[in-house]
Amino acid sequence: MKFSINKEILIEIMGDYINILKENPIKPILAGLFIQAKDEKIIFKGTNLEIDLIRYTDGKIETEGQVLIKPALLLEYIKLVEETDINFQKGEGSLIVNHAEFSILDDSSYPELTETTLATILTTNTNKFANLLDKVKFITSISGTNDLLFSSIKMIFKDNFIELASTDSYRLIYLKDQIPNNEDKEILVPAESVSIIHKIFKDLDEDFSLSATDEKLILTWKNSYFSCKLLSLSFPNFKALIESNNNDKKFEFNREELVSSLKKVISVTKNSNDSKNVATFNFKGNELLISGFSTSAKINQKVSMIKNGDDLKLGMNCKYIKDFIDNINNNIIIEAKNANSMLRITEESNPDYIYLVMPVNIRV
């Protein structure tokens, strides 16, 4: 095998595989990137058996062939190469890349990756889709939990809208956006897959198509094919929580003022052994007093607000509140019924982005 390829194109393609291909002691070949020169195309394939990614690009092929190689060190080297084109030549047990030589893996038992063609549910822009994912994925956990339900995002395609929801049992995030679609479908996507889709799409400005079965999500865009396995779990009936709103207290804040105060309180409470990031929120008159402490410090922050309803005092996780504020641009609205009920948090003039958070039991 011998071919050459543009450096910048190669860096962009290989970068997509770094988060998919991890060391696998049971199947070491799954840590490898499969590269094939065939039919005037350079083909890249990678899988971890949950996620498949296939990319195609043009290159100058002298001799067809294939190779399996771990991508991380190779990508690091390619970024340092000064030449515009990167030359590949497969030797006996190694791959020569410009002026360096890399060990390769045995590709004889590499999984066969096939591209499935399904009816398209929707077509939209990659960057737009990444922005939607960004607004809900902050609540998911890629690691650190054994419950896959709390490491996933629910996607609903219906009536030319997409609805996204996620929960970690303490809070729930919901987002609705108008995107024309051709089929009513509900799927549950693992958080790891969502994170990888977001990383690939966030700096990409292309139209892509989305398809799905009950077991698999498929995304296709220019010279690219992505698929991931879906979860077959029952997601909570969040619609009842979203649509129900019997709160009689409403507090509105300037975004910048509230986030500035929260940052200061978090700087103290993040070091608390008993209640990390937790503070007392006292909504009184036209002012919110946030009080927090750790073993070595105390802090009080005052924030002006517009209040409708009675005063309220409760405990909240400051980081939970800041997580949502980081994803909005306008004033933040907090609604509540009492110190034990779920808080409803929204952005001013944006009724389709809703955040529900349970308060924290502390002495108030």
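## A tour of the sheet and its salt bridges

Start with the open sheet of eight strands, whose order is β6-β2-β3-β4-β17-β16-β15-β10, with antiparallel pairing. Keep in mind as you click around that this is a predicted model. What holds such strands side by side? Strands of a sheet pair through backbone hydrogen bonds, either parallel or antiparallel.

Now colour the two edges. Select 65–69 for β6 and 122–125 for β10: these are the edge strands, and each pairs on one side only. Turn the sheet and look along it: from one strand to the next, the twist averages 15 degrees.

Stay with β10 and add residues 207–212, which make up strand β15. How many bridges join β10 to β15? There are four, and the two strands run antiparallel. To see one of the partners, pick Asn125 and look across to Asp207 in β15, its bridge partner.

Next, select residues 7–15. This is helix α1, which packs on the sheet and touches β2 (33–38), β3 (41–47) and β4 (51–57). Compare directions while you're there: that of α1 makes about 170 degrees with that of β4.

**On to the salt bridges**

The count for this model comes to 18 salt bridges, so let's visit a few.

Show the side chains of Glu163 and Lys239, which meet in a salt bridge at 3.3 Å, N to O. Glu163 sits in strand β12 (residues 161–167) and Lys239 in helix α5 (residues 238–243), so this pair ties together parts that are 76 residues apart in sequence. Is Glu163 buried or exposed? Glu163 counts as buried, because its relative accessibility is 9%, under the 20% cut-off. Lys239, with a relative accessible area of 28%, is partly exposed.

Then jump to Lys185 and Asp214, another salt bridge, where the closest N and O atoms are 2.9 Å apart. Lys185 belongs to strand β14 (residues 185–190), while Asp214 lies in the loop between β15 and β16 (216–221), so the pair links parts 29 residues apart in sequence. Switch on the surface: Lys185 is buried at 14% relative accessible area, whereas Asp214 is exposed at 55%.

Now try Lys307 and Asp311, whose side chains meet in a salt bridge of 3.1 Å, N to O. Asp311 is partly exposed, with a relative accessible area of 38%.

For the last stop, select Asp168, Arg171, Lys319 and Asp323 together. Which residues share partners here? Salt bridges with shared partners join Asp168, Arg171, Lys319 and Asp323 into one network.

Definitions and conventions: Residues are numbered from 1 along each chain as its sequence is written. This is a predicted model: local features need pLDDT of at least 70, side-chain atom pairs count only at pLDDT 80 or more; totals for chains, interfaces and linings use all residues. Side-chain values use heavy atoms; hydrogens and water are left out. Two strands pair if DSSP finds at least two bridges between them. Axes are lines fitted to C-alpha atoms, for helices over the stretch in contact, and angles run from 0 to 180 degrees between N-to-C directions. Contact means heavy atoms within 4.5 Å. A salt bridge is a side-chain nitrogen of Lys or Arg within 4 Å of a carboxyl oxygen of Asp or Glu. Buried means under 20% relative accessible area, exposed over 50%, partly exposed in between (1.4 Å probe, protein chains only).
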